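Here are my notes on this two-chain model, in the order I'd go through them with you at the bench. Have the viewer open as you read.

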Amino acid sequence: MENNIRAAGISKSFGSQVALQELDFAAAPGEIFGFIGADGAGKTTLFKILTTLLRQDAGKAEVCGLDTDKDFREIRRIIGYMAGRFSLYGDLSVEENLKFFAQVFDSTLQENYELIRDIYVLLEPFKKRRAADLSGGMKQKLALCCALIHKPKVLVLDEPTTGVDPVSRREFWDNLKTVAAEGITTLVATPYMDEAMQCDRVALLQEGRILQIDRPAQIIADFPKAVIILKTEHNRNQLIRKLRKLPEAESVFSFGETIHVTCEPAIKGKLTAAIAAAESGISFQPEQAAGIEDCFLYYMQRADGRENN
Amino acid sequence: MAEKIIETVNLTKRFGDFTAVDAISFEVNKGEIFGFLGANGAGKTTAMKMLCGLLLPTSGQATVAGYDVYRQSEKIKLNIGYMSQKFSLFSDLTVWENIEFYAGIYRMPRQAIITRGEKLLQDLELASQKRRLIGALPLGIRQKLAFSIAIIHEPRLVFLDEPTGGVDPITRRRFWEMIYNATERGITVFVTTHYMDEAEYCDRISMMVDGKIKGLDTPANLKLQFKEKSMFDVFLQLAREKSHEAL
């Protein structure tokens, strides 16, 4: 299938600061492609290059066959972009914002209403309200509507759900799935691992490089370590410090009510027995499988060259 | 009985005919991590502003660190720490200037600012970064520094408003380890978050829906009470009840 996004050897530096190093990836029509990475990993720089707001130093990027360097005018007509910060007009009402963005793209609210209908019905009761007075979840829904109002072929979302509550996040992702079903390619940066699982493919970015790129289920399947998942009745922080002293434990992290210990698969049984013998008040979870967050923690920590702590 | 660091009775705030915080009553014990959860627009920020002495309540009572929110808001401000993800440090000041600024606001004596400031930088391994602008530091480091500065005056209580919003999984965990270390020194932590795994790190949690507290207990007991497997499901159940009421 023809790809909507193609990036080959993209590099970008700001002075001596390297933001992106020879990045390659492609995304197909209708694909939801996630980018995960620490602040400063290069996600925003990449998005700005693909949306023609920045020029790369080297490499080639194409959006629907158009070159980001030469064809930036055409590209701007076929992409929708949601910046990391709320960037609608706070003084305009919900309806006025939508009309404004439609007009900028020579379109109308009616023309592509079908695409935004599911989202807009949630906003409609507030259509006379100033955008600045909306709750966080509603602001994000409005921003998504504005980014979709001209029926773009590619949607670029820079951390659209940061600061948004869990219920609104779920609704937002339901909306994204509807949009993807229309064949629109979505690139989305997110710090939430549950959202990473909802992407068709994800790339883990660190210091301007892609550490991993695949379907989430495949990243989990390829995880080279074993994970021991346990709970304690006692002080969690003290237990974490003790477990980190075990040489066989490669990482020890809190995961909600549980603690995850990673190790070589071959010694999992031995390490589990050793922990059970040394600590009281511990219970091991019946399900002992790694998740996407275990994978990302492992790859990020490995790339960091930092161990355990 | 445990010492109470926050006590509220029917604390209420109205803006015109809109009730943002609707008669909430709760207590926070000394030394605990108290999670303050709720959807966007549920009234968390308004409640927090009243507790920090920044906003006068419409009615009800509240004491924070032993001081009354109506009459002793200045005392409250000196005895608490505050940090949020949206606003914490000044990016066009250096690391050391930020330390001096905040410690000065908390009216710490000159010598104490220097001693504790240097200690803080050593603990964070930032001594070499002292003269760098905050804006030049990665977000993860800024967050840790902001938290350390928020408690530089050893307050009895610190408010953290979405301290880990937008932060990667490793940095989030390291940040929570710092929170635990602070509680081990006896500092009480009042924290809001949208990450449900972080809700599990709290000793007790309150769930706010439309200005009211709809649940308040340990994470384990809340899951039992609402018969759900995870805090996310508890959150979802409460929010759905809300939309049923709306219909």
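1. Start with a strand pair in chain A. Strand S1 (residues 5-14) of chain A runs antiparallel to S2(A), and 7 bridges link them. Strands here are DSSP runs (E, at least two residues), helices are runs of H or I of at least four residues, and both are numbered from the N terminus. Two strands count as paired if DSSP finds at least two bridges between them. To find the register, look for A:Arg6, whose bridge partner in S2(A) is A:Ala26.

2. A word on ground rules: this is a predicted model, so local features need pLDDT of at least 70 and side-chain atom pairs count only at pLDDT 80 or more, while totals for chains, interfaces and linings use all residues. Residues are numbered from 1 along each chain as its sequence is written, with chains lettered from A and ligands numbered from 1 in the order in which they are written.

3. That S1/S2 pair belongs to an open, antiparallel sheet of 4 strands in chain A, ordered S2-S1-S4-S5. Strand S2 (17-27) and strand S5 (66-67) of chain A are at the edges with a single partner strand each, so one side of each has no neighbour in the sheet.

4. Now go to strand S7 (residues 154-158) of chain A. 5 of its 5 residues are buried, so the strand is largely enclosed by the rest of the structure. (Buried means 20 or more other C-beta atoms within 10 Å of the residue's own, exposed means 12 or fewer, and partly exposed is in between; C-beta atoms are placed from the backbone.) A:Val154, A:Val156 and A:Asp158 are buried on one side, and A:Leu155 and A:Leu157 are buried on the other.

5. What partners does S7(A) have? Strand S6 (residues 79-82) of chain A pairs with S7(A) in the parallel sense over 4 bridges, and A:Ile79 has A:Val154 as its bridge partner there. S7(A) also pairs with strand S8 (residues 185-189) of chain A, again parallel, over 5 bridges. In that pairing A:Leu157 is opposite A:Val188.

6. A:Val156 deserves a click. Setting aside neighbours within four places in sequence, A:Val156 contacts A:Phe47, A:Leu50, A:Thr51, A:Ile79, A:Tyr81 and A:Leu187. A contact means that two C-beta atoms, placed from the backbone, lie within 7 Å.

7. A:Val156 also turns up in the largest nonpolar core, which has 84 residues; A:Leu142, A:Cys145, A:Cys146, A:Val156 and A:Leu187 touch the most other members. Helix H5 (residues 136-148) of chain A gives this core its largest share, 8 residues. Domain 1 (5-216) and domain 2 (224-289) of chain A each supply at least three residues to the core. A core here is a set of buried Ala, Val, Leu, Ile, Met, Phe, Trp, Tyr and Cys residues joined through C-beta atoms within 7 Å. The domain bounds come from an automatic or database assignment. Between the C-alpha centres of domain 1 and domain 2 of chain A there are 38 Å.

8. For a spot in domain 2, try A:Lys268, which lies in helix H10 (residues 268-278) of chain A. A:Lys268 counts as partly exposed because 18 other C-beta atoms lie within 10 Å. Beyond four places in sequence, A:Lys268 touches A:Ala226, A:Ile228 and A:Cys263. A:Ala226 is 42 residues away along the chain, yet the two C-alpha atoms are separated by 6.6 Å.

9. On to chain B, with its 9 helices and 10 strands. An open antiparallel sheet of 4 strands has the order S2-S1-S4-S5 in chain B. Strand S1 (residues 4-15) of chain B is joined to strand S4 (residues 59-64) of chain B by 5 bridges, and B:Glu7 stands opposite B:Thr63. Of the 247 residues of chain B, 44% are buried.

10. Where do the chains meet? 28 residues of chain B contact 28 residues of chain A. H6(B) gives the largest share of chain B's side, 7 residues. That side has 15 nonpolar, 7 polar and 6 charged residues. (Ala, Val, Leu, Ile, Met, Phe, Trp, Tyr, Cys and Pro count as nonpolar, Asp, Glu, Lys and Arg as charged, and the others, Gly among them, as polar.)
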